[in-house]
Each structure stands twice: as C-alpha cells, then as structure tokens.
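Welcome, and thanks for taking a look at this chain with us. Below is a short tour, from the overall build to a few single residues.

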Amino acid sequence: WEFNGSFHQPSAFLMMGIPGLEALHPWLSIPFCALYLAALLGNCGILFVIGRTPSLREPMYYFLSMLALTDLGLALCTLPTTLGLLCFNVRRIAFDACLTQMYFIHILSFIESSVLLAMAFDRFVAISHPLRHPAILTESTVLKIGLAIVLRGTLSLLPIPFLLKRLTYCGRTELSHSFCFHPDIMNLACADIKVNVFYGMVVLLSTVGMDFVFIVLSYVLIIRTVVSLTTREECLKALNTCVSHICAVLVFFIPMIGLSMIHRFGRSVPPLVNTLVGYTYLTIPPALNPVIYSIKSTHIREALLRALCRKRG
C-alpha cells in the first residue's frame, strides 16, 4: 500500500481468473488463445482485403474497417492480462496500468457501439434511398463520422480515470476479471462513489444506450421500407444485406447489457456468472465479427479467396 496525501491508493490490484476453476487455468488458456488468434487474424484479414480491393471502397466496407480496427484494439487490450493470468498465473496489475487498460477498454467499447450505429444508418440509407446513397455517404462524410465517433468516446470517458484516482481504497484489491472495468475498480473504494456512479450511468445511457435505441429505430424504418417492396424476392434481398449487421449487434449488445446489469444490480449473482459474461463481452465479438462478415458477405469472401489463391500461386 502507498500513502499519498490524505488518502490511500493501492500500488496494484489482483486480477481474478475463473472462480472455482483455478486449477484448470492452463487448460482454459487453450480456447482463449484460439479466440484471440481468431480475432487477430480475422480482423487483420478483413482490413487487408478491404485495403487491397478497389471494388470494396464503399461506405459499408469503410464502416466494416472501423469495426475491425476496434475489435483488434479490444483484443489487444485484454490479451496480455488474460493470457498472462491463465498461462502464467500473473495476477498483479499496477494501479495506473489498470486505469489505462480500463480507459481503453471502455473507449473501444463505446466506439464499437457507435460504429454499429453508423452501419445501421448506412443500411437504412442503402435500402430506403438507394439512388441517393452515394451522395449522402461520401468518403468525406464517412471520414467525418469516424472522427466524431473517436472524439465522442475519448472525451466522454476522459474524466473516469481521474474520478477513480481521487478515491480512497482500502481492504479488498481483487478484481472480478482478468482485466479492468470501471464498476469493478469503483466498488473496491471505501469512499463516497456517488459521483462515479452518476457519471458512469450518464455516460453509458447517453452513448451506448442512445446508440442501441437509434439502431432499433433504424431497423423499424428499414422494415417499414422492406414491407412496402412489391415482391417477396426484393424483400428477402434487402433483409439479407442486414443479417451480418444484426448478428454483430446482438453479439455485442447482449453481453454488454448483461454485464452492466450485473455490475449495478446483481450483487447476489454468482461470481462465475459475472466472470463468464465479462469474458463473453470482450472476447467473443472480436473473434466472431470477422467470421460473420466473411460468411455472409459474398464480396469479402471472394476477395479473401482471391488473396489466398494469389499467395499460393
């Protein structure tokens, strides 16, 4: 422990693995390694293919590149501590390092939420106003949307590390996961955390909460447009372009909402459930999103196959 002025700050936190399964951590590291490898290779593959294929220079694929970059960042944020704990039982993480990891995890999560909203808007414009789609979502517009997404996530979360550093910590230093979350760190403090709770809820509801509401609204408008189409084939074709995005939204938002509810209201939830939802939230979407888009997008799949054939040739 370090004494700093009038409050106590831990020099480090202790990360927890999977409660009750500590003896199996070396074996559990194998599926985690597979998930991280899939996330790194899959997202790098998506970025490589979109960057090398001129026919994919469209708003949909620009937003997909943003999603792949975000997923790559999320995987790299949690990989060192998760595999360090499971493979080598490295549980200690320095206080400032924990705050830094937490900041980037939350920034990237908020960015992913905003990118999914931008992709929903792209699908709405493409289906409802197909002739105006290129004029509405130009390259400069997509770039401005990307910059706005990054600035929104970065600035809205900037006070969080400073709000945590001002708290007094005493007693427990065990985190619930092998990575750092704002509610997790906040609940270890023995000071008044009302400001942290209030600011965290406001930021969450005004960013991720609003993104989810607007995504649902976008699909309500998309369904209205699709229903007005004349033939069944046109309806199915229009909806088929949204399947990948819907899967990505569900894979991201379901565990995120579950984890937020557990941290705020689920004091009686078993630690194992809390841990598994946390791992699902941060490891499954980065690994699954490239697979989802590679399977459903004919253009991505064909470009990947061409790239593999060129390398073999």
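At 1% relative accessibility, aspartate 122 counts as buried. The side chain of aspartate 122 meets that of arginine 123 in a salt bridge, with 3.0 Å from N to O. Arginine 123 has a relative accessibility of 10%, so this residue counts as buried too, being under the 20% cut-off. As this is a predicted model, please read every value here as computed from predicted coordinates.

**Salt bridges**

Side chains of opposite charge can pair when their charged atoms come close. How many salt bridges does the chain have? The count comes to three. One is the pair of aspartate 122 and arginine 123 described above. Another joins the side chains of aspartate 211 and arginine 152, again at 3.0 Å from N to O. Aspartate 211 lies in helix α8 (residues 194-227) and arginine 152 in helix α5 (residues 139-157), so this pair ties together parts of the chain that are 59 residues apart in sequence. In this pair the aspartate is buried, with aspartate 211 at 1% relative accessibility, while arginine 152 is partly exposed at 28%.

Aspartate 96 and lysine 165 also meet through their side chains in a salt bridge of 3.0 Å, N to O. This pair links distant parts of the chain, with aspartate 96 in helix α3 and lysine 165 in helix α6 (residues 159-165), 69 residues apart. Aspartate 96 is partly exposed, with a relative accessible area of 47%, and lysine 165 is partly exposed as well, at 30%.

Here are the residues of these pairs side by side:

| Residue | Relative accessibility | Class |
|---|---|---|
| Aspartate 96 | 47% | partly exposed |
| Lysine 165 | 30% | partly exposed |
| Aspartate 122 | 1% | buried |
| Arginine 123 | 10% | buried |
| Aspartate 211 | 1% | buried |
| Arginine 152 | 28% | partly exposed |

**The chain as a whole**

Stepping back, the secondary structure comes to 12 helices and four strands. The radius of gyration is 21 Å, close to the 20 Å that the globule rule gives for 313 residues, so the chain is as compact as a globular protein of that length. Taken along the principal axes, the C-alpha atoms fill a box of roughly 65 × 45 × 35 Å. Of the 313 residues, 48% are buried. Contacts that span long stretches of sequence are well represented: among those between residues at least 6 apart, 80% join residues at least 24 apart.

**Where α3 meets α11**

Which helix comes within 12 Å of α3, axis to axis? Helix α11 (residues 271-296) does, and its axis crosses that of α3 (residues 95-128) at roughly 35°. The crossing is left-handed. From the α3 side, Ile105, Ser109, Glu112 and Met119 take part, and they meet Tyr281, Leu282, Pro285, Asn289 and Tyr293 of α11. By class, the residues of this contact divide into six nonpolar, two polar and one charged.

Tyrosine 281, in helix α11, deserves its own look. Its relative accessible area is 4%, under the 20% cut-off, so tyrosine 281 is buried. Leaving aside residues up to four places away in sequence, tyrosine 281 touches Ser109, Phe181, Phe252, Pro255, Met256 and Leu259. For a sense of distance, the C-alpha atoms of tyrosine 281 and phenylalanine 124 are separated by 26 Å, with their positions 157 residues apart along the chain.

**Two more residues**

Is isoleucine 46 buried or exposed? Isoleucine 46 is buried, with a relative accessible area of 3%, and is found in helix α1 (residues 25-52). Beyond residues up to four places away in sequence, isoleucine 46 touches Leu64, Ala68, Pro290, Ser294 and Ile300. The C-alpha atoms of isoleucine 46 and serine 65 are 7.1 Å from each other, and these two residues are 19 apart along the chain.

Asparagine 89 lies in the loop between α2 (59-88) and β4 (92-94). Its phi is near 60°, a positive value in a residue other than glycine. At 55% relative accessibility, which is over the 50% cut-off, asparagine 89 counts as exposed.

Terms used
Residues are numbered from 1 along each chain as its sequence is written. This is a predicted model: local features need pLDDT of at least 70, side-chain atom pairs count only at pLDDT 80 or more; totals for chains, interfaces and linings use all residues. Side-chain values use heavy atoms; hydrogens and water are left out. Axes are lines fitted to C-alpha atoms, for helices over the stretch in contact, and angles run from 0 to 180 degrees between N-to-C directions. Helices (H or I, at least four residues) and strands (E, at least two) are DSSP runs, numbered from the N terminus. A crossing is left-handed if the near helix is turned anticlockwise from the far one by less than a right angle, and right-handed if clockwise. Contact means heavy atoms within 4.5 Å. Ala, Val, Leu, Ile, Met, Phe, Trp, Tyr, Cys and Pro count as nonpolar, Asp, Glu, Lys and Arg as charged, and the others, Gly among them, as polar. A salt bridge is a side-chain nitrogen of Lys or Arg within 4 Å of a carboxyl oxygen of Asp or Glu. Buried means under 20% relative accessible area, exposed over 50%, partly exposed in between (1.4 Å probe, protein chains only). The radius of gyration is taken over C-alpha atoms; the globule rule is 2.2 Å times the number of residues to the power 0.38.
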